[in-house]
Amino acid sequence: MVKNYYKIGFLILISFLIYSRSPYIFNYGRFMSLDLVYHFEIEKLNLINSLFFVDYSARYLNLISNISSIISTRFFDLENAQYVAVYLSLIIYFIILHKILFEESKLFSNQIQKYVFSSLIILSPVMSFEIWLNAINLQVYLGLLTILILFLNPEKTKKSINYFLLIICGLSGIYSCALTPLFFWNYLRQKTKYSFICFFILFLCSIIQLSLIYISAFKVEIGSSNTALILDFSKYESISFIYNTVIRAFLGSSFPKFIFELFGLNLKTIITNENLKDLLFLISIFIFIILISFTFRVFSNLKHENKFVFTYLTLIFFILSFVVIFGGVSDSLHGRYSALPGITTVLMVLYVASNLKKTFLKNLSIIFISCSLIFGFYDYRLKNYLVYLDCINCPNWKMEVKKYKNDNNYRPNAWPYHIDR
């Protein structure tokens with residue numbers, strides 16, 4: 001019982017931390033650009049069509065976004081509808097934190113690890129400003145929730161709640177569906193009704209999402225960047241992937257930017273200078289080789305009972321990396337694309353720090369986790385990204401709603417995305 005008081009106290013501290021990142025959004029709400037587009041689209045549909053609305057340019061069903069739009073259109077006037085996505089996102093965040101703190105998981109052997117990872121969910125630099133408190137990108141957090149459900153102790157969890165959550169996760173994007181093979185492996189290992197139902201839910205969701213991806217190829221205009229998946233991996237994409245999922249996961253944005261500026265480097269010079277791009281490509285390959293070596297070394301030093309969890313985490317990293325590399329719409333794998341592979345990298349290192357015997361690798365892992373917390377806290381309200389958090393040159397929402405009510409052909413302006421960046 002005393003432990004629960006500590007957990008509740010910790011949740012209160014986390015709540016203050018979450019609020020302090022973006023007080024304006026909590027106080028006044030916001031519509032991100034696509035959230036507002038979908039709000040108006042779903043407003044015209046009946047309940048069933050609203051629930052299963054598909055934006056074919058996105059290629060998949062995003063159920064959690066549809067639910068947000070249904071609530072905002074059916075239960076709120078337009079002037080207050082902008083709060084729905086914000087507070088729905090907050091509910092999902094707290095479900096994730098509850099799973100970590102209050103349920104038994106193979107990922108965490110003690111409460112300290114749970115406190116640390118809960119903090120990393122909020123502070124880690126890879127949990128980007130772009131995905132913060134908006135319904136469109138809740139699929140990233142639902143992907144993380146799916147990972148957590150995979151490792152829960154089936155004897156000490158609310159099974160029916162997990163089934164419901166997996167349905168929401170699987171029908172809200174492809175991240176959760178991509179983990180279906182691991183749920184099948186879980187079933188082969190455990191041979192329980194619970195593990196089979198979890199697998200079967202994600203299997204059905206995967207069939208639906210893959211069908212929609214196939215159908216979208218015929219629905220989207222020819223020549224659109226979203227028409228088809230491109231199985232290509234450029235030099236810049238490999239540089240971007242290593243930087244955003246590995247380097248930023250532990251060193252944030254400010255420190256690498258400071259190092260780059262010392263050498264007179266910026267994004268423009270990297271893109272336009274082929275020699276520099278080749279050098280950074282070689283460095284990214286070298287870092288990747290080090291990571292593979294680190295993974296094999298860790299695996300050989302872990303106890304037998306910890307090896308299967310680390311194997312799962314490694315497979316999750318590769319599966320999610322494949323999804324974002326070949327499912328992204330550009331060569332720049334930042335923001336929402338790097339979030340899940342990046343937080344999986346952090347979770348792997350935390351698992352090593354917690355379960356390896358006292359060795360150089362364990363101490364190194366502790367240092368990396370400490371860096372992720374420190375640089376994440378430093379970058380928590382990074383000046384360059386405040387446009388995602390504060391009302392900088394954003395429209396007056398009440399005035400926008402007034403214009404819309406006077407003229408239904410007018411479309412209110414959403415939160416300015418990328419302005420002043």
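What follows is a chat about a predicted model of a protein.

Q: Let's start with the overall fold. How many helices and strands does the protein have?
A: The protein has 19 helices and two strands. Keep in mind that this is a predicted model.

Q: What's the radius of gyration, and how does that sit with a compact globule?
A: The protein comes out at 22 Å. A compact globule with 421 residues would be near 22 Å, so the value agrees.

Q: And what box do the C-alpha atoms fill?
A: Roughly 70 × 55 × 50 Å, taken along the principal axes.

Q: How much of the chain is buried?
A: Buried residues make up 53% of the 421 residues.

Q: What about the surface, how much area is exposed and what share comes from carbon and sulfur?
A: The protein exposes about 20,300 Å², and carbon and sulfur atoms supply 67% of that.

Q: What share of the contacts is long-range in sequence, say 24 or more positions apart?
A: Counting contacts with a separation of 6 or more, residues 24 or more positions apart account for 78%.

Q: OK, on to the inside. Which residues touch the most other members in the largest nonpolar core?
A: That core has 108 residues, and F117, Y141, F151, F183 and I343 touch the most other members. Another core lies apart from it, with nine residues, among them F31, A81, W397 and A414.

Q: Pick I343. What is I343 in contact with, leaving aside its neighbours within four places in sequence?
A: I343 is in contact with F117, L120, I121, S124, V126, M127 and L144. F117 is also on the list of residues that touch the most other core members.

Q: Any general reason to expect cores like that? Why would nonpolar side chains be found together?
A: In soluble globular proteins, nonpolar side chains tend to be buried together.

Q: Now a polar one. Where is N66, and is N66 buried or exposed?
A: N66 is in helix 5, which covers residues 63-75. Its relative accessible area is 2%, so N66 counts as buried.

Q: Which backbone oxygen does the N66 side chain reach?
A: The backbone oxygen of L51, at 3.0 Å. Leaving aside neighbours within four places in sequence, N66 is in contact with I42, S50, L51, F52, F53 and L61.

Q: I42 belongs to helix 3, right around there. Which residues of helix 3 are buried?
A: Helix 3 runs over residues 33-43, and its buried residues are D35, L36, Y38, H39, F40 and I42.

Q: What do those buried residues pack against?
A: Helix 4 (47-51), strand 1 (54-55), helix 5, helix 6 (83-102) and helix 19 (397-406).

Q: Switching to charges. How many salt bridges are there?
A: The count comes to seven salt bridges. One of them is K156 with E104, where the closest N and O atoms are 3.2 Å apart. That pair links distant parts of the chain, 52 residues apart. K156 sits in the loop between helix 8 (138-151) and helix 9 (159-170), while E104 is in the loop between helix 6 and helix 7 (111-123).

Q: Are K156 and E104 buried or exposed?
A: K156 has 57% relative accessibility, so K156 counts as exposed. E104 is partly exposed at 37%.

Q: What does K235 pair with?
A: The side chains of K235 and D278 meet in a salt bridge, 2.7 Å from N to O. This pair also links distant parts of the chain: K235 is in helix 12 (residues 235-251) and D278 is in helix 15 (residues 274-301), 43 residues apart. K235 is partly exposed at 37% relative accessibility, and D278 is partly exposed at 28%.

Q: And which residue does K403 bridge to?
A: E400, with the closest N and O atoms 3.7 Å apart. K403 and E400 are three residues apart in helix 19, so about one helical turn separates them. K403 counts as partly exposed at 40%, whereas E400 is buried at 5%.

Q: Last one, back in helix 12: what does I247 touch?
A: I247 lies in helix 12 and touches I242, G252, P256 and I287, not counting residues up to four places away in sequence. I247 is partly exposed, with a relative accessible area of 26%.

Q: How far is I247 from A178 in space?
A: They are 24 Å apart, C-alpha to C-alpha, and 69 residues apart in sequence.

Notes
Residues numbered from 1 in each chain as written. Predicted model: local features only at pLDDT ≥ 70, side-chain atom pairs only at ≥ 80, totals over all residues. Heavy atoms only, no water. Helix = DSSP H or I, 4+ residues; strand = E, 2+ residues; numbered from the N terminus. Buried < 20%, exposed > 50% of the residue type's maximum accessible area, 1.4 Å probe, protein only. Polar contact = N/O pair within 3.5 Å; in protein donor to acceptor, adjacent residues only side chain to side chain. Contact = heavy atoms within 4.5 Å. Core = buried A, V, L, I, M, F, W, Y, C linked by side-chain atoms within 4.5 Å. Rg over C-alpha atoms; globule rule 2.2 N^0.38 Å. Areas by Shrake-Rupley, 256 points an atom, 1.4 Å probe, with all protein chains shown as cover. Salt bridge = Lys/Arg side-chain N within 4 Å of Asp/Glu carboxyl O.
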